[in-house]
Amino acid sequence: MTHADKPGREIRARLDHPVIDCDAHVLEHQPAVVEYVRKVAGPGVVARLLKYQKERQLLDGQLAQYNQTGRGIWWGVPSGPHTGDRALAMLPRLFRARMDELGFDFAHLYSTFGIAGLYYQDDELRPAYCRALNALYADMFAAVGDRMRPVAVIPTFTPQEAIAELDHAVGVLGHKAIMIGTEVIRPVPGAGDRAPYLTRSIAIDPPEDYDPFWRRCAELGVAPVCHTASIGNAYYNSRSNYVFNHIGAFTRGSEYFCRALFFGGVTRRVPRLSFGFLEGGAAWGQELANAIAGHWEKRNAGYLEANLDPGKLDVDALARAAADYGGGEVTEASVRASVHGPLARPMRPEPFDEFAACGMKGPEDLRQLFIERFYFGCEADDRMTAVAFDRRLSPVGEPLRAVFGSDIGHWDVSDAMSVLTEAWEMVDHELMSPGDFRAFTFENPAMLHLSVNPNYFRGTVLEAAAEKLLRDRAGRA
């Protein structure tokens, strides 16, 4: 998509609603990170951090973080003619000073270093590193809280470490938004030093019970949001091409987590929580919603028992068909023998109803369990965002909750000042209506957080707009 080189303020001036950036990035100053790790955990952990990071640099295309072969990110932040964009991501007060030109009323700043730090294998370093980042962010953004909010990083290799950092980040440091790890990545026991690591979701068949963590998120009023990519997965990696690895990486990582949350029953058991999936777009969400509806139609327990139960097979009818139309090895006798063989009657597995955990009784349940609970982060240049708002594609006739994220601070933003202008092109090209754009840039980004914390924007420039949005929605309910 091409876009006019115009500052976002020109688009904002045409709108009758605020604009919320759900996903800009802070570029951490490495010496500051090291100093905060020292404050939190001492010089010994600093030494381990530096050694760990050095060993896991991109060397000959190796993603040592996951003990797998694949090229990771390189030349990933603004430089050269875009040095100003890099400064925006490093300096919160500068970012705030330029927000009117950007066309943003409010912005969320997500970690850069913490995306990998959530998955550090060192069980002492990982939580200490995340705690240091959260302390750094709290101090960095203390003077700009009226228009900007940093997002705390919550490690999740165990529910205990997740709850501990969640309580500290929210209760002690005052954070109101969080980014979580969504998988536990560990070496395969007994597989050797060079074997790829094993990934397990924290939402379905988890290594431990994570419900206490999900419930604690709801109690504290924070929506779990992820930046989960699949670049560390050996099945999807190229040894030599990062662009190959990056395309679709956040889609696959987010889809896996979203699917796990739904089928693992998290949205049923913890109905107060909303979840965000960033940088993967929304097209995959529409595909997943339809796939779930289609699978429920043919794989719900009632349909299975009525149509696919091997015990209800009409053996005589099948044998007669073989007698009339078979031949060679397929005879009436062989068919009768095979249907009574050891492979003909597979065991009835438990659980039998694979939709029991999520509580789905019909496609209409997707409204409450899926559509209303999931928010899909889309960048300005993603034309497929329009799919989220096409009600004809929805299994329940409702749009997905797509949310606008600038990704300022990372390589795929060529001009931070014109990000909103680029997003507006979907309206110019009639891929999205002005009402859809309002939902994309204001209502959905606001409700991602307001749905779990009605006071989320209190004390900010959006306090009145957020209160009115909640009143309007309550009036329509």
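Helices and strands here are DSSP runs, numbered from the N terminus. With that naming in hand, we can place D390 in the loop between β12 and β13 (401-404). The structure is a predicted model, and this loop residue is a friendly spot to begin reading it.

Is D390 buried or exposed? D390 has 18% relative accessibility, and because buried means under 20%, D390 counts as buried. Its side chain also has a partner: the side chain of D390 makes a polar contact with the side chain of R392, at 2.8 Å.

From here, let us turn to the aromatic rings. A pair of aromatic rings is described by the distance of the centres and the angle of the planes. The model holds 26 aromatic pairs when rings are paired if their centres lie within 6.5 Å.

Take F262 and F370 as an example. Their ring centres are 6.2 Å apart and their planes stand at 70°, so the pair is edge-to-face, since planes over 60 degrees apart count that way. What does this pair link? It links distant parts of the chain: F262 sits in helix α12 (residues 249-263), while F370 sits in helix α18 (residues 366-371), 108 residues apart. Both F262 and F370 are buried.

Next come W284 and F376. Here the ring centres lie 5.0 Å apart with the planes at 75°, so W284 and F376 are also an edge-to-face pair. This pair, too, links distant parts of the chain, with W284 in helix α14 (residues 283-299) and F376 in strand β12 (residues 374-378), 92 residues apart. W284 is buried, at a relative accessible area of 6%, and F376 counts as buried at 0% relative accessibility.

These two pairs belong to a wider group. F262, F370, W284 and F376 are among the members of one aromatic cluster, which also includes F213, W214, F257, F263, F275, F277, F355 and F374.

Rings can have charged neighbours as well. R126 lies over the face of F157, at 3.9 Å from the ring centre. In a similar arrangement, R149 lies over the face of Y456, at 4.4 Å from the ring centre.

Finally, let us visit the surface. Which residues make a nonpolar surface patch of about 220 Å²? The patch is made by M90, L91 and L94. Of these residues, L94 can be found in helix α5 (residues 92-97), where L94 is partly exposed, with a relative accessible area of 30%.

Methods
Residues are numbered from 1 along each chain as its sequence is written. This is a predicted model: local features need pLDDT of at least 70, side-chain atom pairs count only at pLDDT 80 or more; totals for chains, interfaces and linings use all residues. Side-chain values use heavy atoms; hydrogens and water are left out. Rings of Phe, Tyr and Trp (its six-membered ring) pair if their centres lie within 6.5 Å; planes under 30 degrees apart count as stacked, over 60 as edge-to-face and the rest as tilted. Helices (H or I, at least four residues) and strands (E, at least two) are DSSP runs, numbered from the N terminus. Buried means under 20% relative accessible area, exposed over 50%, partly exposed in between (1.4 Å probe, protein chains only). A charge sits over a ring if NZ of Lys or CZ of Arg is within 6 Å of the ring centre and within 35 degrees of the ring normal. Patches are made of residues with over 30% relative accessible area and no salt bridge: like charges are joined within 9 Å, nonpolar side chains (Val, Leu, Ile, Met, Phe, Trp, Tyr) within 5 Å. Accessible areas come from the Shrake-Rupley method with a 1.4 Å probe; for residues, only the protein chains shown count as cover. A salt bridge is a side-chain nitrogen of Lys or Arg within 4 Å of a carboxyl oxygen of Asp or Glu. A polar contact is a pair of N or O atoms within 3.5 Å; within protein, one must be able to donate a hydrogen and the other to accept it, and residues adjacent in sequence count only if both atoms are side-chain atoms.
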